[in-house]
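Dear colleague,

Please find the structure below, together with its sequence. I should be grateful if you would keep it open while reading the notes that come after it.

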Amino acid sequence: MTIQQAFLKTILDESSKHSIAQLFIHKGTCGEATDIVSVCEELGIIELAMSLNAKIIETSCDGRCWAAPSVTAQKNNDRGASYSRRFDRIDLGVNLKELGEVLDLSTVHNVFDDGATGLTSRFGQLDGSLLAAVELGAYGVAEKVFQQDQKSILSKIEESKLSGRGGAHFPTGLKWKLAAQNEGPRYLVVNAEEGEPGVFKDRHLLEADPHRLIEGILICCYAVGVEKAFVYINGQAHKGIESFMTALEQARNSGITGPEFLPEKMTVDIEVRAGAGGYVCGEESVILNSIEGARPVPRFKPPFATDQGLWGMPTVINNVETLAAVTTLWQDFPPPTKLVSLSGNIARPGVYEVPADGTLSWNGFLLSVGAELETVPAILLGGPSGTFVHRDKFEEQIEMKNIGAGGIFVLSPNSSVKEITNSLAGYNERESCGECTPCREGTMRLTELLQQETVDLKKVEELIEVMEEASLCMLGGMAGRPVKSAIENFPATWISTER
Amino acid sequence: MIPFDATADDAGDRLANFEKQLLTLPSRKSYLLPAFHMAQQYLDWLPRESILVIASHLRIPLSEVYATATAYSELRLEKPEYGAWYMCTGVACEAAGAQRIIAAIETVPGKFGRTDCQFLCSLAPICTDHRGRILGRLTENRVRAIFLEDRGD
């Protein structure tokens, strides 16, 4: 039996037990990059759906990038329930012998249960229409929240302890409050630049559930008193931009961003800006310069953006996921969650939703995402400004709030820590904007030092200290982190020399 | 898209089309980056001619427009190769065998370049092919198959 036949047979078997109402074709960036269109043709999905009387829904990646190209069959009568449960998921790319394992794990989407009412609950479920999003709860929270006064919303955000999901974890409630107490006009900037290698959760959010972001934006604009919001999206995230623009158009046309839906006297204009590359463009003050039309370089802080941001006016700058998470705060379940992006030496790379305040051991976490622990020498947490976690520390409990923007790259036995470290140092050097000397010169000297046959570790340490202390922004400030952590965790990798 | 060529017959028309579109943007400095994107959408890169009209429309000194353009890695100030493949060489793609794919691509005729991380790490290794399609979980065989397909074999 071929994999295709196995897939068809499973769907047909299941359909005799439960009636299949919908077939979801996952056509996001992940599906397209793995040729979902020709897979559907080969499988005869259209014919299959017709024979089962099922509706075909073209949708996004559901976070299970590992399964792409994939099709999900959904049984009837689940739509009315609080969450929809899938009973079938097959990776069309795996070997037949692996099929059993994949089937067993078919409902594992995140670490706890289905997490179905969390951030990813609508991933891979929507057909791109506003109606589908609203049916699954979009704008329901905003509607409720708009009945409350701004003060109680700000208190609620503060109580929730929601913190910035871009990696810096600044308390969101405090940020909103600081901006709200300043004289307007106030601005909101949504940081959707996500230019950190190893992190791809915001793109998934933009593609899979753009209305959740719009809802978060509207809540923020109401609570803080913002009339103009800019959404700054990574220029390479073509599908994300397209999906968000479509959703924004739908929201505008249906009156969601107008007086029909918004509280009295509230007006808001949302404008999309595409970035044009550069890791530094994810730094908040760089985005401000970029939107104003100036060179994309960081600003001195203070003044902070909540006092003097865009055009010198109070500005809230929030990450995509932070604003999306705002929409989950008014429900009893689940507890605040966050997204992590997993890649590398694991069976199931993709976007996972985990409890934001929880602790997990790396062992448990890695096993749950299909890693063969004995083949994992270390993980890299957070890309070019991240740190390595040696396998000796996998037993330790890790607080999820300490994993930065949530990029986790799992190393394989043949990974060279030295090569990875040098590659990250090279990336930081290329991406340095050149505005301040410690970063411009420091990243260059660091790369040079690391490429020596015998590395002067003392000099490396001193250089990193200068970069940490004196760089204008965190690109330079944190460029030495992976180097420092690689040397600490894998000292034998470097032949050091004492000065 | 075929990159703008100032010596080509259609150069005048292409530039006029871009200019016409540029005038739809408000004449304010804040629209500099959208103007750059618009130029690349119409011309595929930022030739000198486009920088001149952007500076004039947005009323920003030419030197500042140029300086800002140089700061963004995705803005092209030189005429790009038409129809090139771009292999991602981010950490995840390197670990997933980017170098093997590069070796395979280099054996077939065509133009080829490398890019930094494209942020599709869960699909590593990835590449953008000569038609601008993103190819994920790429194998040497798929690279060869696409070349053969294009030749009509």
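The notes below deal with the interface between the chains and then with one helix.

This is a predicted model, in which local features need pLDDT of at least 70 and side-chain atom pairs count only at pLDDT 80 or more, while totals for chains, interfaces and linings use all residues. Residues are numbered from 1 along each chain as its sequence is written, chains are lettered from A and ligands numbered from 1 in the order in which they are written, and side-chain values use heavy atoms, with hydrogens and water left out.

In the interface, 31 residues of chain B are in contact (heavy atoms within 4.5 Å) with 50 residues of chain A. The rule finds 2 salt bridges across this interface (a side-chain nitrogen of Lys or Arg within 4 Å of a carboxyl oxygen of Asp or Glu). A salt bridge joins the side chains of A:Arg430 and B:Asp116, at 2.7 Å from N to O. On chain B, the elements that give two or more residues to the side touching chain A are α2 (32-43), α4 (62-70), α5 (91-95) and β4 (134-135); helices (H or I, at least four residues) and strands (E, at least two) are DSSP runs, numbered from the N terminus. Of these, α2(B) gives the most, with 4 residues.

Helix α3 of chain B covers residues 48-58, and its buried residues (under 20% relative accessible area, 1.4 Å probe, protein chains only) include B:Ile51, B:Ile54 and B:Leu58. The buried residues of α3(B) pack against α1 (11-22), α2 and α4 of chain B. After α3(B) comes B:Arg59, with a positive phi near 55°.

Yours sincerely

Terms used: Buried < 20%, exposed > 50% of the residue type's maximum accessible area, 1.4 Å probe, protein only.
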